Amino acid sequence: MSVDRVEEAENVGASEAVATAAAVAVTYYPIAPGVRLNVRSGPGTGYSVVRVLAEGAKVPIYCQTPGTTVSGPYGTSNIWDNIGGGEYVSDSYVHTGSDGYVASRCS
């Protein structure tokens, strides 16, 4: 094995450690009790529903972005939570404990 190959293997391990640390930093938040929540393809009610979350679900929030204003159990908000690749839910249905942003803005 050459020195170059050893360095490549070491860098792969470091990347995996960083990815694991980032995954651990994600917080999951409960959706409002008794609600089956629409997950949309973008940050607004005009976007298509891609799936529906079951009652009692918890969601990760990877980033947040402004969109359609929605009234829900946790107030009225235009904040939408990105819970996965191309999946958004209104923050007014997610119990974050805050009326504002709890994650970075989506880019």
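These entries record what I looked up in a predicted model of one protein chain.

**Overall layout.** I began with the secondary structure and found 1 helix and 7 strands. From the N terminus on, the order is α-β-β-β-β-β-β-β. I then noted burial: of the 107 residues in the chain, 33% are buried. The accessible surface is about 6300 Å², and carbon and sulfur atoms account for 52% of it. For contacts between residues at least 6 apart in sequence, I recorded that 46% join residues at least 24 apart.

**Salt bridge.** I searched the whole structure and obtained 1 salt bridge. Its partners are glutamate 87 and arginine 51, with the closest N and O atoms 3.0 Å apart. The pair links distant parts of the chain, since glutamate 87 belongs to strand β7 and arginine 51 to strand β3 (residues 49-53), 36 residues apart. I checked the accessibility of both partners. Glutamate 87 has 18% relative accessibility and therefore counts as buried, whereas arginine 51, at 37%, is partly exposed.

**Aspartate 91.** I next turned to aspartate 91, which lies in the segment after β7 (87-90). Which side chain of opposite charge is nearest to this buried residue? I found arginine 105, which is 11 Å away, and aspartate 91 has no salt bridge. I did find a polar contact of 3.4 Å between the side chains of aspartate 91 and glutamine 64. Leaving aside residues up to four places away in sequence, I listed what aspartate 91 touches: Ile61, Gln64, Ser77, Ile79, Trp80, Asp81, Thr96, Ser98 and Gly100.

Terms used:
Residues numbered from 1 in each chain as written. Predicted model: local features only at pLDDT ≥ 70, side-chain atom pairs only at ≥ 80, totals over all residues. Heavy atoms only, no water. Helix = DSSP H or I, 4+ residues; strand = E, 2+ residues; numbered from the N terminus. Buried < 20%, exposed > 50% of the residue type's maximum accessible area, 1.4 Å probe, protein only. Lys, Arg positive; Asp, Glu negative; His and termini not counted. Salt bridge = Lys/Arg side-chain N within 4 Å of Asp/Glu carboxyl O. Polar contact = N/O pair within 3.5 Å; in protein donor to acceptor, adjacent residues only side chain to side chain. Contact = heavy atoms within 4.5 Å. Areas by Shrake-Rupley, 256 points an atom, 1.4 Å probe, with all protein chains shown as cover.
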